[in-house]
Amino acid sequence: MKSYRNIPGFRSVTVTGFRSGSVIVEFSLQLDPSTDSSIITSDQTNQDIKNNLQNSGFQTSENSVSQSEETTFMEASTVYPGDDMVLTCNANGGVQGTVQWRAKGTVLQDDSHYVFSAGRRTLTVKGVTPSDNGRYECQYSTSSGLHILWDDIDYIKPYPNIQTSPNRSYKCQPSNLVQLTCCVYVDYDVQLVNDKDQILPSTQSLQPDLQQKCIQYSFSVTQSCGSTLKFLCRLAHGNLQTFSYSSRTIELKISAALPVSSANAPVTCEDEVYGFGNVGDTGVGQCDATEVGSKTAKCGDDGKWKTVQNNCVLRVFQMLKQESQDLDTNSVKQFVIKVANATQEHVGQVTTSPGTVATIVTLLNTITVVSQSIQVDQVVIHVFLQTLDVITSPATQNTWNELNNSPESKGTSSLLLMSLENIIKSVSSDVSDFTTNTTEFRKGTISNEPFNQTFGNDSTATIFVPNTILTTNVTITSVAFFNLSFILPPRNNTVNETSGAVVNGIIVLVSVSKNNSIHNTTLTFRKLDATNKLANADCVFWNFDLFDAIGGWDSFGCKRKSDLNGIITCECNHTTSFSILMSPGGVDSVPLSIITYVGVAISMASLVLFLLIEAIFWKPITRGSSSPILYLRHVSLVNIAVSLLIANIWFIIGAAISESAPSVPINPCSAAAFFIHFFYLALFFWMLVSALLLLYSILVVFSRMSKSAMMAIAFCVGYGAPLIISVVTVASTAGGGTYITKEGACWLNWKESKAQLAFVIPALAIVFINFLVMVVVLYKMLRKRVGERSGDDKNAMGVIARFVAVLTPVFGLTWGFGLGLMISPESLALHYLFAILNSLQGFFIAVLGTLFDKKLLKTVKQKLRIGSRSSGTFTSMSTTNRTGSTAAI
């Protein structure tokens, strides 16, 4: 205003708008009607504007102020797709330099599509399409400054979008009357011709609500039985008939004359949609009057057409798709509102039409692409997500199943998610939180406080981002999608849609402001299916590059931290769209937990009783014996019982840590896993000591090893080897955070590091060695008598032989079931067999260790003066995790 208020006749100046990018400002200047308007183009006035801008702190270039004027680049006329459009810049005055042309804000360069005349006064747009509509500018300089002439071009017509009756077959019978239909956009006219290029008589009808007009032609098939008829629906404009879009062919097959119906007549299909066909034939059907496209069906053995593919699209969305070709940043808001309104008005048809849903996804993606260069406001993102509410409602589940199962449309769901991620990145910083029927939009900034959001009334999902790693404020946008779980197929690198896996959590999208990143996002998901039909939860994100760019779930950069009480906790080092992927095969954890904990309690009590008996009667059963074998046999048995007892104690501690305090640091659970691992290994290695002792007594007859030497070797094997294996396991896996499992049990990891092999391999190897020892012992005993030995030696050998011979296959069977669970975790029978047998391990040890030792039984009877009652007790071990899958393997 300061630059113009000294102009004679000045009244006011008003800013009328901003061009794309808010760089160019348009304004309106009002003068008295009697004032000569030419005075506002003076050099002095433009120079005043630049001076005022500079005084206000703006940097201005030589051409920062220009005079803009609306003009006409061509006489208003109709331009059809494929025509050439010639625009002329009527520059006045002495043009200095060359003329520059722009289209929709983009500087045009000379190429095959844009051709300039000498001096660039004329622009020829070759082979135009509807997308060439829009604002064109020619910019030039004169002695009075920069001038811009502009014109909004809207002369280019949309494509005619010719729709015809589908190609189909008809039954040869006199009553069959065929009606051919040919429809076109209202700005065009069409005609029907036969194979001899003769124009056929037709009736015309106008359908203004669909912006189309149609012609119909009817004839009887009687005279054409056994032949194929071809018709052409073409534009009536002679100068357009050379273009590829100008015509469509209709092909009709008329069956040969059929015999009179009889019981032996072949099965055929016939209806008004797909026509006539034999079993196995494919028919093409016409869409409803409000739709464009076609649908195909196959003739079944029951004589009925079964639709196999539906490509029909509501005409209103097909027209919006054509309109989207001209979409620019200035029309995004109006266009997204049009799409949302059309979707709401046709909800019933949209939800059941795969072609329409796919078209709407394409429209949303086009909106997203155009919006990348602007900031999306509250209205646009809210209306955008309201459209999502319709196409992801529960009523669309069968529609999405059809889209995801079709090779042509398998990527539609991935394109929808990509559109959502991209539109969220363009959301303006001043958009506030809101909720739609199927989404929750949250926005926040990490500064002094972390980002913490909860979605859903029952905390269906949460996201937590700490502020400890950030040096600057970071804006985080998160959106929860409650209905996308059945839309995105459960496919990843290890499972596909047919595996039975499901997306068992809502989809949470996390996006950060540009030029920022976060690396430790914690998310929790409440399982949508909380029953035990599903197990093996994976924390995943959607990777758009998988499966030849149709997308799939990927776990890279994400790991599961816990799986407790139906809540999965995940930690990811990047931002995108997250959820949880689960496989079938979970088992009911309640019965298994009862078996496990009752068995472990009995095991611990009976082991304590057994050790008390050994302690009380230790001297009577070892005193006076000269056999180190007998002495070492009792040492081995006591250490087997001690190892199992301590392992069970640590199992109870580990269960308490993982269940009652799941949020504690990982160190207590790691300590429990270490001691469980160590003492279970010690149990097996002391079994190995027993077997080696038996082998030594059989093979070495005369040579004698001292008791102290045998004791030293036994303790080195029994505790030294397990300690080495346990320490190496910790050292090799703890640094990567893969020492223990992430499934809520304090036990060795299997999925990431295979740390469980550090228990499985030694345990099964010892079982195998013990089997070999028994084979050698049996062979030796059957082949020849062993040399003379003392009574103590014979007794010790017999007890050890029976102990190893029975316990080895029992333990082999028990841990064999455990190995089976690693291979087939969904097997219910293996879960129960493993839990029951492991809960009876202490029972086997106590019974065999007591009943097979006649000297111990005799001593107990003498001391306690009781009848022949076994002191066998029940001990067990089982490490059933909280989801019911045993975690001791």
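Student: Which residue in E37 stands opposite Thr522?

Tutor: Happy to start there, keeping in mind that the model is predicted. Strand E33 (residues 521-526) and strand E37 (residues 567-572) pair in the antiparallel sense, with six bridges between them. Opposite Thr522, in E37, stands Glu571.

Student: In what order do the five strands of that open sheet come?

Tutor: We already have E33 paired with E37. The open sheet has five strands, and their pairing is antiparallel. Read across, the order is E28-E29-E33-E37-E36.

Student: Which strands stand at the edges of this sheet, each with a single partner strand?

Tutor: Look at the two ends of the order E28-E29-E33-E37-E36. A strand there has a single partner, so one side of it is left without a neighbour in the sheet. The edge strands are therefore E28 (451-455) and E36 (558-564).

Student: And what does the twist average from one strand to the next?

Tutor: The value belongs to the open sheet of five strands we just walked across. From each strand to the next, the twist averages 15 degrees.

Student: Back to Glu571: with which residue does its side chain meet in a salt bridge?

Tutor: Side chains of opposite charge can pair when their charged atoms come close. Glu571 lies in strand E37 and its partner in strand E36, so the pair ties together parts that are ten residues apart in sequence. The N to O distance is 3.5 Å, and the partner is Lys561.

Student: Are Lys561 and Glu571 buried, exposed or partly exposed?

Tutor: The cut-offs are under 20% for buried and over 50% for exposed, with partly exposed in between. Lys561 has a relative accessibility of 42%, and Glu571 has a relative accessible area of 25%. Both values fall in the middle range, so Lys561 and Glu571 are partly exposed.

Student: How many salt bridges does a search of the whole structure find?

Tutor: The pair of Lys561 and Glu571 is one salt bridge, and Glu137 with Arg135 is another, its closest N and O atoms being 3.4 Å apart. Both Glu137 and Arg135 are buried. Over the whole structure, the number of salt bridges found is twelve.

Student: How far apart are the closest N and O atoms of Lys213 and Asp189?

Tutor: Lys213 is in strand E16 (residues 212-220), while Asp189 is in the loop between strand E13 (177-185) and strand E14 (190-194), so their pairing ties together parts 24 residues apart in sequence. Lys213 is buried at 14% relative accessible area, whereas Asp189 is partly exposed at 33%. In this salt bridge, the closest N and O atoms are separated by 2.7 Å.

Student: Which residue in E8 is the bridge partner of Val115?

Tutor: Three strands form an open antiparallel sheet in the order E4-E8-E7, with E4 (85-88) and E7 (114-116) as the edge strands. Neighbouring strands here are turned by 20 degrees against each other on average, direction ignored. E7 and strand E8 (residues 122-125) run antiparallel and are joined by three bridges. In E8, the partner of Val115 is Thr124.

Student: Is Val370 in helix H5 buried or exposed?

Tutor: Helix H5 covers residues 354-370 and includes Val370. Beyond its neighbours within four places in sequence, Val370 contacts Leu327, Asp328, Thr329 and Val332. Its C-alpha is 9.9 Å from that of Ser324, a residue 46 places away in sequence. Its relative accessibility is 16%, under the 20% cut-off, so Val370 counts as buried.

Student: How far apart in space are Ala358 and Leu416, C-alpha to C-alpha?

Tutor: Ala358 is also found in helix H5, and at 19% relative accessibility it counts as buried. Leaving out residues up to four places away in sequence, Ala358 touches Leu403 and Thr412. Ala358 and Leu416 are 58 residues apart in sequence, yet in space their C-alpha distance is 9.0 Å.

Student: Last one: about how much accessible area do the residues of the nonpolar patch on the surface have together?

Tutor: One of the patch residues is Leu609, which lies in helix H10 (residues 589-616). Leu609 is partly exposed at 41% relative accessible area. Val608, Leu609, Leu612 and Ile616 make up the patch, and their accessible area together is about 360 Å².

Notes
Residues are numbered from 1 along each chain as its sequence is written. This is a predicted model: local features need pLDDT of at least 70, side-chain atom pairs count only at pLDDT 80 or more; totals for chains, interfaces and linings use all residues. Side-chain values use heavy atoms; hydrogens and water are left out. Patches are made of residues with over 30% relative accessible area and no salt bridge: like charges are joined within 9 Å, nonpolar side chains (Val, Leu, Ile, Met, Phe, Trp, Tyr) within 5 Å. Accessible areas come from the Shrake-Rupley method with a 1.4 Å probe; for residues, only the protein chains shown count as cover. A salt bridge is a side-chain nitrogen of Lys or Arg within 4 Å of a carboxyl oxygen of Asp or Glu. Helices (H or I, at least four residues) and strands (E, at least two) are DSSP runs, numbered from the N terminus. Buried means under 20% relative accessible area, exposed over 50%, partly exposed in between (1.4 Å probe, protein chains only). Contact means heavy atoms within 4.5 Å. Two strands pair if DSSP finds at least two bridges between them. Axes are lines fitted to C-alpha atoms, for helices over the stretch in contact, and angles run from 0 to 180 degrees between N-to-C directions.
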